[in-house]
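Trainee: I have a new model open on my screen, and I would love to walk through it with you. Could you take my questions one by one?

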Amino acid sequence: MISDSHGNIRNIEYALENHPDANVVIHLGDGADDILDLEFVYQDKRFYQVAGNCDFNCPLPLVDELQVGQRHIFFTHGHEYHVKTGLDYIKFEAGKRYADIVLFGHTHLPVTEYENGLYLLNPGSIHGIDGTYGVIDITSEDIAMCILKI
C-alpha cells in the first residue's frame, strides 16, 4: 500500500523492488499519475488506485473495494471521511460495506489498528527521505500488516 507519493516515483520503485512477491499494489491517492509508467514495468502486479484531494481533474474514483481471498478490502484516500480528525466515520463506512480491511491515506501518518474484526492501515506518505509504505499479507487463516520505511 502506498499513499501520498506527490511525484516521488523513485520511492515507489524502491518499495516494489523490495517486495517482488507482492501481487497487488494499491495507491491511496495524492499522486495519481505516479504509477502509470510503473504498471508497464511491473506487469506481474495488479494495480489499483483512488483519487486524493490533490489529484485535480482526476478520473479515478474516490473509493473502491476489492476482494482478496475471503477478505473484503475498502480503500479510499480518506479526506472524504475526515480522517485527520478521527477514524469513526471511516470505520462506520467500512462496517456498512462489510469490509475486513480499510485502507486510507491523507494524514501522512502511518497507522495500523485492529478493532472489532476490522483491520485499519494508513501507510503514511511514501514521499521524502522518511517515506513509509504498508504491506499486508493475507492468508486463509490470518492478516498481517506492517509499516516499512524507505
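**A walk through the strands, helices and pocket**

Mentor: Happy to, and keep in mind that this is a predicted model. To start us off, strand β8 (residues 132–138) and strand β9 (residues 143–149) pair in the antiparallel sense, with seven bridges.

Trainee: Which residue in β9 stands opposite Y133?

Mentor: β8 and β9 form a hairpin, with four residues between the strands. Their pairing is antiparallel. Within it, the residue in β9 that stands opposite Y133 is L148.

Trainee: E141 lies in the loop between β8 and β9. Is E141 buried or exposed?

Mentor: A residue counts as exposed when its relative accessible area is over 50%. The relative accessible area of E141 is 65%, so E141 is exposed.

Trainee: Now for the strands before that. How many bridges join β3 to β4?

Mentor: β3 covers residues 63–68, and β4 covers residues 71–76. They form a hairpin with two residues between the strands, where G69 takes a positive phi near 60°. In the pairing, V68 stands opposite R71 in β4. The two strands run antiparallel, and the number of bridges that join them is six.

Trainee: And which residue in β5 stands opposite I73?

Mentor: β4 also pairs with β5, here in the parallel sense and over three bridges. I73 is in contact with residues beyond its neighbours within four places in sequence, including D64, L66, L103 and I138. The residue of β5 that stands opposite I73 is I101.

Trainee: Why is β4 said to be largely enclosed by the rest of the structure?

Mentor: Look at its two faces: R71, I73 and F75 lie on one side, H72, F74 and T76 on the other, and all are buried. Buried here means under 20% relative accessible area. β4 is largely enclosed because the buried residues number six of six.

Trainee: Which strands each supply at least two residues of the largest nonpolar core?

Mentor: That core has 13 residues, and among those that touch the most other members are M1, I26, I73 and F75. I101, L103 and I136 belong to that group as well. The strands that each supply at least two residues of this core are β4 (71–76), β5 (101–103) and β7 (118–122).

Trainee: On to the helices. Why do the buried residues of α3 lie on the same side of the helix?

Mentor: In α3 (residues 88–96), the buried residues are I90, K91, E93 and A94. They lie on the same side of α3 because the arc they cover around the axis is only 160°. On the other side, the exposed residues are D88 and F92.

Trainee: What do the buried residues of α3 pack against?

Mentor: Just past the helix, Y98 takes a positive phi of about 55°. As for the helix itself, its buried residues pack against β4, β5, β6 (111–115) and β7.

Trainee: How wide an arc do the buried residues of α1 cover around the axis?

Mentor: In α1, the buried residues are N11, I12, A15 and L16, while R10 and E17 are exposed on the other side. What covers the buried ones includes β1, α2 (38–41), β2 and β8. They sit on the same side of α1 because the arc they cover is only 140°.

Trainee: Two loop residues caught my eye. Is H106 buried or exposed?

Mentor: Compare H106 with N57, which is found in the loop between β2 (46–49) and β3 and has a positive phi of about 55° although it is not a glycine. At 82% relative accessibility, N57 counts as exposed. H106 is placed in the loop between β5 and β6, and its phi is also positive, near 80°. With a relative accessible area of 12%, H106 is buried.

Trainee: Last one: which element gives the most to the lining of the largest pocket?

Mentor: The largest pocket has a volume of about 450 Å³. Of the 20 residues that line it, the closest to its centre are M1, A22, N23, V24 and I136. α1 (9–17), β1 (24–27), β3 and β8 each supply at least two residues of the lining. With six residues, the element that gives the most is β8.

Key
Residues numbered from 1 in each chain as written. Predicted model: local features only at pLDDT ≥ 70, side-chain atom pairs only at ≥ 80, totals over all residues. Heavy atoms only, no water. Pairing = 2+ DSSP bridges. Core = buried A, V, L, I, M, F, W, Y, C linked by side-chain atoms within 4.5 Å. Buried < 20%, exposed > 50% of the residue type's maximum accessible area, 1.4 Å probe, protein only. Contact = heavy atoms within 4.5 Å. Arc of directions from axis to C-beta. 1 Å grid on protein atoms, 1.4 Å probe; cavity = no way out; pocket = protein on both sides within 12 Å on 5 of 7 lines; lining within 4 Å. Points joined across faces, edges and corners; volume = space filled by probe spheres on them.
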